Amino acid sequence: MYKTIALTLALVAAVTAQYGHQSYGGYHHEPSYPSEPIKYQYKYEVHDPHTHDIKSQEESGDGHYVKGYYKLVEPYGGERIVHYSDEGHGFVAHVQTSHISHPQDYKKASYGHGYSAPSYH
């Protein structure tokens, strides 16, 4: 019996020595933030001829102000360009669109081997 108690105490001592006594009462680490605003800039562009997804965007900011633009080709073939900014007085966007005078020519849908397009009578 004394051997069991001694073994238990030795095990508790070993675990306590390995992991130590940890107290979490009241300790909270506050995150630190940079004193200066973080400047950033990014740009991307997509041109996928398979899906006809054509677009781009560019933006920059200094922590107080932001400005940028995005441009995309609409499904009907026109182009939309949006220039935007926020210089401390709220978000402002200027939208430009261009229209085309004739629709895009797309290939006729193919339904595979032995299949035909549905007919509606």
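**Exercise 1.** Which residues make a nonpolar surface patch of about 270 Å²?

*Solution.* The model is predicted: local features need pLDDT of at least 70, side-chain atom pairs count only at pLDDT 80 or more, and totals for chains, interfaces and linings use all residues. Residues are numbered from 1 along each chain as its sequence is written, and side-chain values use heavy atoms, without hydrogens and water.

Step 1. Patch members have over 30% relative accessible area and no salt bridge; like charges are joined within 9 Å, nonpolar side chains (Val, Leu, Ile, Met, Phe, Trp, Tyr) within 5 Å. Areas follow the Shrake-Rupley method with a 1.4 Å probe, and for residues only the protein chains shown count as cover. A salt bridge is a side-chain nitrogen of Lys or Arg within 4 Å of a carboxyl oxygen of Asp or Glu.

Step 2. The patch is made by Tyr40, Tyr42 and Tyr44.

**Exercise 2.** State whether tyrosine 40 is buried or exposed.

*Solution.* Buried means under 20% relative accessible area, exposed over 50%, partly exposed in between (1.4 Å probe, protein chains only). At 36%, tyrosine 40 is partly exposed.

**Exercise 3.** Describe the polar partners and charge environment of glutamate 59.

*Solution.* Step 1. A polar contact is a pair of N or O atoms within 3.5 Å; within protein, one must be able to donate a hydrogen and the other to accept it, and residues adjacent in sequence count only if both atoms are side-chain atoms. The glutamate 59 side chain has such a contact of 2.6 Å with that of tyrosine 40, and one of 2.6 Å with that of tyrosine 84.

Step 2. Glutamate 59 is buried without a salt bridge; lysine 67, the nearest side chain of opposite charge (Lys and Arg positive, Asp and Glu negative; His and chain ends not counted), is 12 Å away.
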